[in-house]
Structure formats: structure tokens, C-alpha cells
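User: I'd like to learn how to read a few features of a protein model. Can you take me through them one by one?

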Amino acid sequence: MKTPKRLALGLLAAAALTGVLAACAPARRQTSDRIPIQFWTLDLAPKFNDYLNGVIARWEQQNPGYDVVWTDVPWGSVERKLLAAVFARTAPDVVNLNPLFAANLASKGGLQPLEPLLPQGAAETYLPLIWQAGQSAAPDGQLQQFAIPWYLTARITLANSQLLSQAGYDAPPRTWAEVPAYAEAVKRRTGRYALFVTVVPEDSAELLESLVQMGVTLLDQRQRAAFNTPAGRRAFAFWSDLYRRGLLPREVVSQGYRRAIELYQSGELAQVGSGAEFLRSIQTNAPQVAAATRPYPPLTGANGAANVAVMTLAIPRQSKVAGPATRFALFLTDANNQARFAEQARVLPSSTGALRQVEEALADEQPSTQAEQLVRQARLLSAQTLSSARVLVPASPGVKRLQAIVYTQLQRAMLGQISSDAALAEAERQWNAYAAGRWP
């Protein structure tokens with residue numbers, strides 16, 4: 001939070017008192033005198049009204065005496081609204097959060113630890129590496145489960161087969177170690193660029209994730225910098241060398257991921273990392289590029305770990321119905337409910353049973369057009385990626401500041417203002433100063 005803590009709390013209190021929560025869209029109101037369970041989601045209404053109202057109705061039938069009151073909140077305002085609700089002691093009982101914000105709340109004691117509320121074996125019904133994304137350090141430093149994983153998106157590689165062929169490749173590289181030679185071949189033989197990975201501090205975390213895939217440990221157990229190592233020096237040199245050699249678009253230091261999309265759709269980029277559904281946008285916006293686009297596995301490091309984005313469900317500590325709220329969250333994320341939502345929303349499930357259902361359904365699909373066949377292949381590849389996927393950058397308080405520090409210093413190295421080793425050392429110094437509370 002950029003404002004001082006006391007001022008921020010004052011603003012949040014004022015917002016709560018003036019009705020900031022009125023901007024939330026009430027998708028389903030309480031309809032009886034039964035005990036209410038307040039449930040917040042992010043940007044799911046009205047598209048998924050029928051689905052969510054159906055899940056809620058089934059759970060209420062199995063749990064008489066409770067009434068789930070669903071409110072859908074705009075994505076861009078959920079943090080402000082939730083903090084205001086916590087301050088006003090009107091927090092929801094179940095809330096849809098990304099792991100980073102959930103970790104920040106958990107570190108301040110704002111979320112209910114779930115271990116005492118979970119039935120035995122609950123974790124075993126979810127993908128193991130995805131379940132771990134809901135763990136965070138409590139205020140006492142102990143690792144605890146604060147969130148239940150819900151839906152996922154996995155990045156794959158979408159590549160222009162015509163540019164690949166011109167560069168002498170049948171497929172794009174699978175590992176970062178292969179990228180420099182590939183990027184040079186693409187530039188020399190096609191005049192285009194191989195890939196675009198932004199170094200804009202507030203944008204995509206893809207580059208930070210690549211450091212982890214290259215064997216870099218970002219932080220130690222005390223949350224101090226652990227990246228100034230031989231692996232870290234190799235990773236910083238990797239990116240600064242690519243840029244200085246002209247093998248990355250110059251805009252990677254000034255423009256975000258949106259620019260990668262623009263370049264790919266204009267035929268100026270050989271590949272882009274994205275979700276499977278992005279194929280539909282390419283088919284609409286750039287039909288010729290779409291016709292040449294093929295899905296491939298994502299870039300990884302030597303251990304093959306791919307990245308996954310996770311949306312979770314958490315129980316604020318203020319909830320007076322934490323037990324029933326947890327049961328509802330588990331019901332919403334069970335195999336059958338997740339499989340239905342994955343199909344409707346074109347996302348991936350965190351439940352192992354649901355993932356099997358999704359893979360079987362995709363394998364059985366018989367698309368009637370080439371375009372739909374490509375989308376099916378991309379979705380199936382995304383689902384298969386989950387076997388080796390995890391959240392590469394742990395959700396810990398301050399991780400956005402860490403990204404800003406690392407990216408800013410890496411920019412300096414890429415622009416030739418400082419050596420890559422010196423940039424890494426400065427990033428280490430700045431993060432440790434921040435972690436120790438000395439950052440201005």
C-alpha cells in the first residue's frame with residue numbers, strides 16, 4: 001500500500017462509512033431468516049449467474065438453516081472493498097482472492113487458518129502443488145493453510161509456424177537454455193523477434209517466474225534476498241545479453257504484456273506465452289496469423305516446472321460461520337462443480353477428479369472446424385501442463401515490491417547503465433533494506 005498505514009486506514013474507514021460497498025453487485029440476496037453466509041466473487045456476474053445460483057441452491061438443500069448470499073465484486077476494486085469491509089467489521093464469510101492478496105491478509109491475521117476446519121483428507125482431492133498455493137506464513141511465522149484453490153489458468157506457447165519454418169525450427173524451444181540460439185536464428189532469418197518478455201515493474205511476472213525456472217531462489221526463510229548467487233548472476237546475464245544483442249524488442253523495458261499481443265498478432269513475433277483461449281482472440285483479430293498459429297508446451301527450466309495462475313477461496317477471520325463457510329467452499333470446489341465451471345468458463349480446475357473429467361471431455365471432442373480443433377488442442381495441452389505446474393513465485397507479502405526492485409535493476413543492466421552482476425547486487429541491497437523496514 002503506497003499511502004502511510006494510518007492514512008490508508010482512515011481512507012478505508014471513510015469509504016466504508018460512505019457506502020463504498022454499495023458498488024458491489026448483489027447477485028443473490030438473502031431470501032429468508034436462515035443464517036446468512038456472505039460469499040464474494042470477482043467479475044463472475046451476470047455471465048455465470050445460472051451456474052453459481054445452481055451450486056448455491058444445491059448446497060443449501062444439503063445444509064438446511066443456511067442462506068448463501070452471493071455478491072459479485074469488480075476485479076479492480078476487490079482489495080479496497082474487502083479492506084473497507086474488514087475495517088467496518090462487515091467482511092464476507094467466503095471470498096474469492098488471488099494468492100498474493102490472500103497471503104497479505106493472512107500475514108496480518110485477517111484470514112482464518114483452515115486446518116481446524118478441514119475434514120480429514122480434504123487436501124488429497126486437489127492437485128498437490130496447487131493446494132500448496134493456498135499456504136502462507138501466519139503472523140507467528142508458521143506455515144498454515146489459508147485458502148482453498150478454485151480455478152486455474154496455465155500458460156502455454158502459441159507460435160507462428162511460418163516464422164518457425166523460416167528460422168529453421170519445427171517447434172519452438174522447450175527450455176530457456178535453448179532460447180538465445182533460437183532468438184538469434186529468428187532475427188537473422190526472418191527479421192522478426194522470437195519472443196517478448198516485459199521488464200516493466202508493475203506488469204507481468206513472467207520474467208520473475210523465468211528466474212525461478214532458471215534455478216534462482218528468490219527469498220530465504222527469513223524473507224531475505226537469496227538471488228545473488230551463481231544461478232542469479234547467470235539469469236541476469238541471460239536477459240541483459242539478449243537485450244543488448246538486439247534479440248528482444250526494444251519496448252520490453254517500456255511496455256507491458258499487451259505489446260507482446262500486438263506484436264504477435266501483427267506477425268512481428270514468433271511466439272507468445274498465453275492461455276489457450278487467447279487463440280480465439282487471434283482468430284478474430286488476426287485470421288492470417290491465427291491460421292499459422294500452433295500450440296506448444298510452455299517454456300520451462302531444466303526441471304520442467306511450468307507456471308500456473310490460481311484463484312482461491314478464503315475465509316476472513318471475522319466470520320462467525322467459519323465452519324459452514326468452509327464446507328460451502330469445499331462444495332463449490334469439488335470435482336463435479338469444478339468440472340462444470342471449467343467447461344463454462346474455459347478455465348482449468350484445481351480438483352484432480354475435475355481435471356480427469358476435463359481431459360476426457362476434450363479428448364472426446366470432435367470440432368467441426370480447423371479453428372475449433374486448434375482451440376481444443378490448446379486447451380488439452382493446458383490441462384496436461386498441470387501435471388508439472390506450480391505457482392513459481394510464492395505468494396508472500398512484498399512480492400510486488402520484489403518484482404519492482406528486480407525489474408528496475410535488470411532494466412539498468414539491459415540498457416548498459418550498469419553490469420548485470422552489479423544490478424543483481426543492488427537489487428539484493430534494496431530488497432534487504434525493504435525487508436528490514438528501512439525502505440523509504
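User: Let's start with a proline. Where is Pro-46 found?

Analyst: One thing up front: this is a predicted model. Pro-46 sits in the loop between β2 (35-42) and α2 (49-62). Look at the bond just before Pro-46: the peptide joining Ala-45 and Pro-46 is cis, with omega at about 0°.

User: What is phi for Asp-43, and where does Asp-43 lie?

Analyst: Asp-43 has a positive phi of about 55°, although it is not a glycine. Asp-43 is also in the loop between β2 and α2. With a relative accessibility of 46%, Asp-43 counts as partly exposed, because the class runs from 20% to 50%.

User: Which loop holds Arg-346, and what is its phi?

Analyst: Arg-346 lies in the loop between α14 and β12. Its phi is near 60°, again a positive value in a residue other than glycine. Arg-346 is partly exposed, at 30% relative accessible area.

User: And Gly-76, is that buried or exposed?

Analyst: Gly-76 is exposed, with a relative accessible area of 81%. You'll find Gly-76 in the loop between β3 (66-73) and α3 (78-87). Try a distance too: the C-alpha atoms of Gly-76 and Leu-42 are separated by 8.9 Å, and these residues are 34 apart along the chain.

User: On to helices. How do I describe two that pack together?

Analyst: Two packed helices are described by the angle between their axes and the distance between the axes. Take α9 (residues 230-244) and α18 (residues 420-435): they pack at about 120°, with axes 9 Å apart. That angle makes α9 oblique to α18, and their crossing is right-handed.

User: Which residues make that contact?

Analyst: From α9 come Gly-232, Arg-233, Phe-236, Ala-237 and Ser-240, while α18 supplies Ser-420, Asp-421, Ala-423 and Leu-424. Sorted by class, the contact of α9 with α18 has four nonpolar, three polar and two charged residues.

User: At what angle do α8 and α9 cross?

Analyst: Roughly 135°, and the axes of α8 (residues 206-213) and α9 come within 9 Å. So α8 is oblique to α9. α8 passes α9 in a right-handed crossing. Leu-207, Ser-210 and Leu-211 of α8 touch Ala-235, Phe-236 and Trp-239 of α9. That contact of α8 with α9 divides into five nonpolar, one polar and no charged residues. Phe-236 is in the contact with α8, and Phe-236 is in the contact with α18.

User: How do I read which way the residues of one helix point?

Analyst: An α-helix has 3.6 residues a turn, so residues three or four places apart point the same way. With that in mind, look at α15, where Gly-353, Ala-354, Leu-355, Val-358 and Leu-362 are buried. The cover over the buried residues of α15 includes α14 (335-345), β12 (348-349) and α16.

User: What should α15 span, and what does it span?

Analyst: At 1.5 Å a residue, the 13 residues of α15 (residues 352-364) should span 18 Å; the end C-alpha atoms are 19 Å apart, which agrees.

User: How about α16: what is its reach, and which of its residues are buried?

Analyst: α16 (residues 370-385) has 16 residues and reaches 23 Å from its first C-alpha to its last, close to the expected 22 Å. The buried residues of α16 include Leu-374, Val-375, Ala-378, Leu-381 and Thr-385. Arg-376 and Arg-379 are among the buried residues too.

How values were computed: Residues are numbered from 1 along each chain as its sequence is written. This is a predicted model: local features need pLDDT of at least 70, side-chain atom pairs count only at pLDDT 80 or more; totals for chains, interfaces and linings use all residues. Side-chain values use heavy atoms; hydrogens and water are left out. Axes are lines fitted to C-alpha atoms, for helices over the stretch in contact, and angles run from 0 to 180 degrees between N-to-C directions. Helices (H or I, at least four residues) and strands (E, at least two) are DSSP runs, numbered from the N terminus. Angles under 35 degrees count as roughly parallel, over 145 as roughly antiparallel, 65 to 115 as roughly perpendicular and the rest as oblique. A crossing is left-handed if the near helix is turned anticlockwise from the far one by less than a right angle, and right-handed if clockwise. Contact means heavy atoms within 4.5 Å. Ala, Val, Leu, Ile, Met, Phe, Trp, Tyr, Cys and Pro count as nonpolar, Asp, Glu, Lys and Arg as charged, and the others, Gly among them, as polar. Buried means under 20% relative accessible area, exposed over 50%, partly exposed in between (1.4 Å probe, protein chains only). The expected span of a helix is 1.5 Å times one less than its number of residues.
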